[in-house]
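I had a free hour and a new model to browse, so I kept notes as I went. Here they are, in the order I looked things up.

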Amino acid sequence: MIEVLPIFTNSPLRNYTYLIYSNRTGEVYCVDPYNAPLILSQIKKLGLKLKGILNTHEHGDHTEGNLELKEETNCVVFGHTNAKGKIPGLDETLNEGDICFETEGESIEVWDTPGHTFSHLSFVHKNPNTILGIFSGDTLFNLGVGNCFRGGDAPTLYHTIETKYKTLPDSCLLYPGHDYWQNNFAFSHHVDPNHEERDNFQKEIPPHFISTIGLEKKLSPFFRRDSMSIRDRLTALGEEVTDDRSLFLILRKLRDHW
C-alpha cells in the first residue's frame with residue numbers, strides 16, 4: 001500500500017511537504033519539497049530511495065528543495081506542462097489522468113486543477129474502490145481556498161472546486177500545501193459568525209490536523225455556500241450575493257484583504 005508522511009516545515013508560510021512511499025518497493029516520491037536536508041533525513045530514516053518530485057505548481061515555496069534533492073538523489077522532477085521554465089530542475093511534464101506512482105492496487109493520479117495558477121496540479125491517492133486522499137497544493141486549504149493574484153483566476157478556481165473537489169468522497173483525506181488553520185478560522189468567524197459546529201471543533205483541534213473533505217464541507221465557508229448565516233453576513237457587509245458562484249467570488253475577494 002501507499003503510505004503518506006506529512007512534514008510540517010516551520011517555514012514562514014507554514015508549508016507542508018509530503019512523502020508518498022511504499023515500504024514494499026522502497027520507492028518514495030516527494031510532493032512540494034521545501035527543506036531538502038529535512039526531507040533527506042526523513043527518507044534515510046525510512047530506508048527509502050527518492051524516485052521523483054511532484055510539484056503541484058511553480059511558486060518558489062513549493063519548489064525550494066528541487067535542485068538540492070535532484071543533485072543528491074538523481075530523482076526526476078515532475079510538474080505541469082505550463083510550468084516549463086518556471087519550475088527548477090523540471091524534467092517531465094504531467095497531464096490529467098497520468099499515473100505517477102502505482103503499487104499494490106493503489107495509485108497516485110494527476111488532476112489538472114487551475115485557479116491558483118494555470119500551472120497547478122493536484123495528486124489523487126486512490127484504490128480501485130475510492131479516492132483515499134488528495135494533495136491539493138494551493139487549491140484547497142483547511143477552511144479556505146488558494147489566492148488568485150499570483151498568476152491565477154478566481155472564476156477558474158470556482159470551476160475547479162465545483163467540478164473536481166466537490167466530487168470527492170467525504171472520507172477523502174485533505175493534504176494541503178500549507179497549514180492555514182488559524183487564519184482561516186478567523187476569516188470563517190468573520191463571514192460566518194454563527195457556526196456552532198465549527199466553534200466546537202476549533203476548541204478540540206490538535207496541531208497540524210489532517211482533515212477530510214467531509215469535514216471541510218461542514219466547516220469551510222467556501223463549501224457552505226447554501227448557509228443563510230453566510231449570506232446574511234455578506235449582505236450586512238454590503239455585498240450582493242446573486243448565486244452560488246457570486247458568493248464564492250465574494251468570499252475569495254474578502255479573504256484577499258483579510
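These entries go from the whole chain to one sheet and then to a single histidine.

**Entry 1: the whole chain.** I note at the outset that this is a predicted model. I counted secondary structure first and found eight helices and 13 strands in the protein chain. Next I looked up the extent: the C-alpha trace spans about 55 × 40 × 35 Å along its principal axes. The radius of gyration is 18 Å, and a compact globule with 258 residues would come near 18 Å, so the two agree. Buried residues account for 53% of the 258. I also checked contacts between residues at least 6 apart in sequence, and 56% of these join residues at least 24 apart.

**Entry 2: the record.** UniProt lists residues 14-178 as "domain: Metallo-beta-lactamase", in an unreviewed entry. I looked at that stretch in the model and got 18% helix and 35% strand. The C-alpha atoms at its two ends lie 5 Å apart.

**Entry 3: a sheet.** In what order do the six strands of the open sheet come? I read S1-S2-S3-S4-S5-S6, with mixed pairing. At the edges I found S1 (3-8) and S6 (92-94), each paired on one side only. Neighbouring strands here are turned against each other by 25° on average, ignoring direction. I then followed S1 to S2 (residues 16-21): the two run antiparallel and are joined by six bridges. One partnership I picked out links Phe8 with Tyr16 of S2.

**Entry 4: helices on the sheet.** I traced H1 (residues 36-46) across S1, S2, S3 (27-31) and S4 (49-54), and its angle to S2 is about 25°. H2 (residues 66-73) also packs on the sheet, where I saw it touch S3, S4 and S5 (76-80). The direction of H2 makes about 150° with that of S4.

**Entry 5: His189.** I found His189 in helix H4 (residues 181-191). Is His189 buried, exposed or partly exposed? Its relative accessibility is 29%, so I put it down as partly exposed, since buried would need under 20% and exposed over 50%. Which residues does His189 contact, beyond its neighbours within four places in sequence? My list reads Arg198, Asp199 and Gln202. The side chains of His189 and Arg198 share a polar contact of 3.1 Å. A polar contact of 3.5 Å joins the His189 side chain to that of Asp199. For Gln202, I noted a C-alpha to C-alpha distance of 11 Å from His189, with their positions 13 residues apart in sequence.

Definitions and conventions: Residues are numbered from 1 along each chain as its sequence is written. This is a predicted model: local features need pLDDT of at least 70, side-chain atom pairs count only at pLDDT 80 or more; totals for chains, interfaces and linings use all residues. Side-chain values use heavy atoms; hydrogens and water are left out. Two strands pair if DSSP finds at least two bridges between them. Helices (H or I, at least four residues) and strands (E, at least two) are DSSP runs, numbered from the N terminus. Axes are lines fitted to C-alpha atoms, for helices over the stretch in contact, and angles run from 0 to 180 degrees between N-to-C directions. Contact means heavy atoms within 4.5 Å. UniProt positions are given in the numbering used here, feature names are shortened, and annotations may be inferred rather than shown by experiment. Buried means under 20% relative accessible area, exposed over 50%, partly exposed in between (1.4 Å probe, protein chains only). A polar contact is a pair of N or O atoms within 3.5 Å; within protein, one must be able to donate a hydrogen and the other to accept it, and residues adjacent in sequence count only if both atoms are side-chain atoms. The radius of gyration is taken over C-alpha atoms; the globule rule is 2.2 Å times the number of residues to the power 0.38.
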